[in-house]
Amino acid sequence: MAPKKLRRARLSQELCERLSRYQITTCQDFLCLSLLDLMKVTGQSYRNVQKLLCKVSLACAPKMQTAYEMKVRRAVNPSSAFLSTSLHGLDKVLHGGVPCGSLTEITSPPGCGKTQFCIMMSVLATLPVSMGGLDGAVIYIDTESAFSAERLVEIAGNRFPAYFDSDEKLFSMTRSIYLYRELTCGSVLKRIKSLEEEIISKKVKLIIIDSVASVVRKEFDTKLQGNLTERSNFLARGASLLKYLAEEFSIPVILTNQITTWLSNGLAIQADLVSPADDLCLSEGASGGGKRESGSVTAALGNTWSHSVNTRLILQYHDLPTRQILVAKSPVAPFSAFFYTVEKSGFVLQDGKDQTNLTWEGTNPALQNIKP
Amino acid sequence: MQRDVGSLPLAPALRARLVAAGFQTAQELLDTGPCGLSKEIGISKEEALEALQVVRQECHSDATQTAGAPGTSRKCTALELLEQEQAQGFIITFCSALDNILGGGVQLTKITEICGEPGVGKTQLCMQLAVDVQIPECFGGLAGEAVFIDTEGSFMVDRVVDVATACVQHCQLIAEAHQEEDHLKALETFSLESILSHIYYFRCRDYIELLAQVYLLPDFLSEHSKVRLVVIDGIAFPFRHDFEDLSLRTRLLNGLAQQLIIIANDHKAAVVLTNQMTTRIGQSQSTLVPALAAAVPAKEAAIPAGGHCPNLHAG
């Protein structure tokens, strides 16, 4: 994804040499100049400069597709558009499951089952296509050291006892899950950059990062000046790299997030905070005295991150042992909620209990109140 | 004809030489002719001829502008403007409250900016508009096509299929209720496949691709003259990271905005941009504001939390 050199944009050799004298070697430098600057630098007339701009733009611009072509491509390969979560109600609402080619975020208070969900999805991705999987490898980037191989085998054995009937099959499944332990933001970013080659060589069909929030919040204390922009930069760069990988290879990417406190009326500085200052998602004009009691919790990492993910699922406690999974943000699904419990075989939806709990009343997913 | 030599769109080096040689107006250049020019300045006859052709073209287009030819004329009375604006179509959004506030729908030849918090429905609205612009004229639409430039990757074909199917059904119900000839004829061509085939989708991964695509857009729109809507979903996203030089960012955004205004006017299209919201931390409180505010002069519709009735900020 490095900027394209001008030579590859089919400009003439002498023009490229002349431009390199002004330190303009990539398409990026060329397109960032104004027309008058370009005239000065290339020594050509206005009309010629416009033609050159078109030439360079043609080299950089994306290819056009009509929505119809996209639909036809999807129809030819329907199973490759979603990764089924094996939770029937959830799959139906999401039009198939976790979408391929975009980022999905799982957010919840501690202990609700994010890592369990991720482990369950890893098993599902390795299953053959006939059983609803993607028949591929999984890259699992673990920043909290919460991954447990024993739990992985337990879920596989209990959820699909007919398929995993021999040790041989269990081992081949575990062999296709590649675990990376990264403990700093820098190493996470480096790992993401190196993923492109690994995806091709290992035939990876799912990327999981558990969790983004823990490593970011460890390193960036937003009370310190300058950390806020660095944090946003890191998150934005990570998000765009992951989006590129997801789209290029048409695979799902699952990320987990933590929660933070939402104070209404925004007395950010005075309150005694659970989490760093800018994690707060603040509402405008909400009434309330700004007391701790009237605050509630919501997804961490701020607004910009909420914009970057395409689908957001929220897990929260209901009454033990039942918990709730909410579809808070999705381009295809309305806002809906399901009840589940975590058992030996992973997540199990509670059938019949408020399954038709679909509301078309949206609430702001960035400010979705989560029961801690 | 009396145009100053320094203002002609020639190569800067050539221009400097002409001024140094003492030429002042374009008429002087034309009178001298290519051979005389090449001798005085010391350039080849071919270069002189090329320069004179540029000068002649410039003077010609100046002349047609002052003569008031309809295509290039840019001056008219306010009454004419009023009539033009009222006669223009709107792209309806199928939400009557929103249409009322916008004065009938999304206006052509104008830029509309939609900002809102994550998940509130900006992309959904854009997908809806891309379908609505294609409604045939007898049903109150514009029978146009749509260009969708996506920078965030949230365009889902399945969702557009849902929206388009619902729109076709809606039109079918109207046709059944009214039973008119042209309604039924229009419905023959207004189908799911035709709607999807007329949404031109571009996925721009970073700001360079976005800039390149906007440079190429006028040519694309000249080839596809039925396009009446250009949507850029996520104009903020590519510019919000990896930009140390904020003044460059401002300049690029302003340049983009100007190009979009020209596109909107020349091709009679509506331009819709979506913007993100960011937290502005003040002294005693923080507020949510649109990111990259004031970079683009546009009609803004801000959708606050809860998706209630939007406020309209005059641009």
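How many salt bridges does a search of the whole structure find over all chains? The search finds 13. The model is predicted, and this tour visits some of those salt bridges along with the interface, a few strands and a helix.

**Stop 1: the interface**

Select chain A and chain B together and colour them differently. In this view, 62 residues of chain B are in contact with 61 residues of chain A. Between them the two chains bury about 5500 Å², and 60% of that area is on carbon and sulfur atoms.

Four salt bridges are found across this interface. The number of residue pairs in polar contact between chain B and chain A is 13, counting pairs with both residues at pLDDT 80 or more. On the side of chain B that touches chain A, the largest share comes from helix H10 of chain B, residues 207-223, with 10 residues. By type, the residues on that side of chain B are 30 nonpolar, 16 polar and 16 charged.

**Stop 2: B:Arg205 and its partners**

Next, select B:Arg205, A:Glu247 and A:Glu248. The side chain of B:Arg205 meets that of A:Glu247 in a salt bridge, at 3.3 Å from N to O. B:Arg205 also forms a salt bridge with A:Glu248, where the closest N and O atoms are 3.7 Å apart. The pair of B:Arg205 and A:Glu248 joins two chains, because B:Arg205 lies in the loop between S5 and H10 of chain B while A:Glu248 is in helix H12 (residues 227-249) of chain A.

Are these two residues buried or partly exposed? B:Arg205 is partly exposed at 27% relative accessibility, and A:Glu248 is partly exposed at 42%.

**Stop 3: strands that pair across the chains**

Stay at the interface and select residues 64-66 of chain A, which are strand S1, with residues 199-203 of chain B, which are strand S5. These strands pair in the antiparallel sense over three bridges. To see one position in the pairing, pick A:Gln65, which stands opposite B:Tyr201 in S5 of chain B.

**Stop 4: B:Ser154**

Now select B:Ser154, in the loop between strand S4 (145-150) and helix H7 (157-178) of chain B. With a relative accessibility of 8%, B:Ser154 counts as buried. Which residues does B:Ser154 touch, not counting residues up to four places away in sequence? They are A:Asn310 and A:Pro331 in chain A, and B:Thr123 and B:Asp233 in chain B.

**Stop 5: salt bridges within chain A**

Hide chain B and select A:Glu182, A:Arg191, A:Glu198 and A:Lys202. A network of salt bridges links these four residues. Within that network, A:Glu182 forms a salt bridge with A:Arg191, the closest N and O atoms being 2.8 Å apart. A:Glu182 is buried at 8% relative accessibility, whereas A:Arg191 is partly exposed at 21%.

For another salt bridge, select A:Asp165 and A:Lys169. Their side chains meet at 3.8 Å, N to O. A:Asp165 is exposed, with a relative accessible area of 56%, and A:Lys169 is partly exposed at 30%.

**Stop 6: strands S11, S12 and S13 of chain A**

Select residues 323-329 of chain A, strand S12. How many of its seven residues are buried? The count is seven of seven.

Add residues 311-317 of chain A, strand S11. S11 and S12 pair in the antiparallel sense over six bridges, and a hairpin of five residues joins them. In this pairing, A:Leu315 stands opposite A:Ile325.

Then add residues 336-343 of chain A, strand S13. S12 and S13 run antiparallel and are joined by five bridges. The hairpin from S12 to S13 passes through six residues. A:Gln324 has A:Phe339 in S13 as its bridge partner.

In a regular strand, side chains alternate between the two faces of the sheet.

**Stop 7: helix H11 of chain A**

Finally, select residues 212-219 of chain A, helix H11. This helix is largely enclosed by the rest of the structure, because six of its eight residues are buried. The buried residues are A:Val212, A:Ala213, A:Ser214, A:Val215, A:Val216 and A:Arg217.

Add A:Ser211 to the selection. A:Ser211 caps the N-terminal end of H11, with a side-chain oxygen 3.2 Å from the backbone nitrogen of A:Ser214.

Note on methods:
Residues numbered from 1 in each chain as written. Chains lettered and ligands numbered in written order. Predicted model: local features only at pLDDT ≥ 70, side-chain atom pairs only at ≥ 80, totals over all residues. Heavy atoms only, no water. Contact = heavy atoms within 4.5 Å. Buried area = accessible area lost by both parts, 1.4 Å probe. Polar contact = N/O pair within 3.5 Å; in protein donor to acceptor, adjacent residues only side chain to side chain. Helix = DSSP H or I, 4+ residues; strand = E, 2+ residues; numbered from the N terminus. Nonpolar A, V, L, I, M, F, W, Y, C, P; charged D, E, K, R; others polar. Pairing = 2+ DSSP bridges. Buried < 20%, exposed > 50% of the residue type's maximum accessible area, 1.4 Å probe, protein only.
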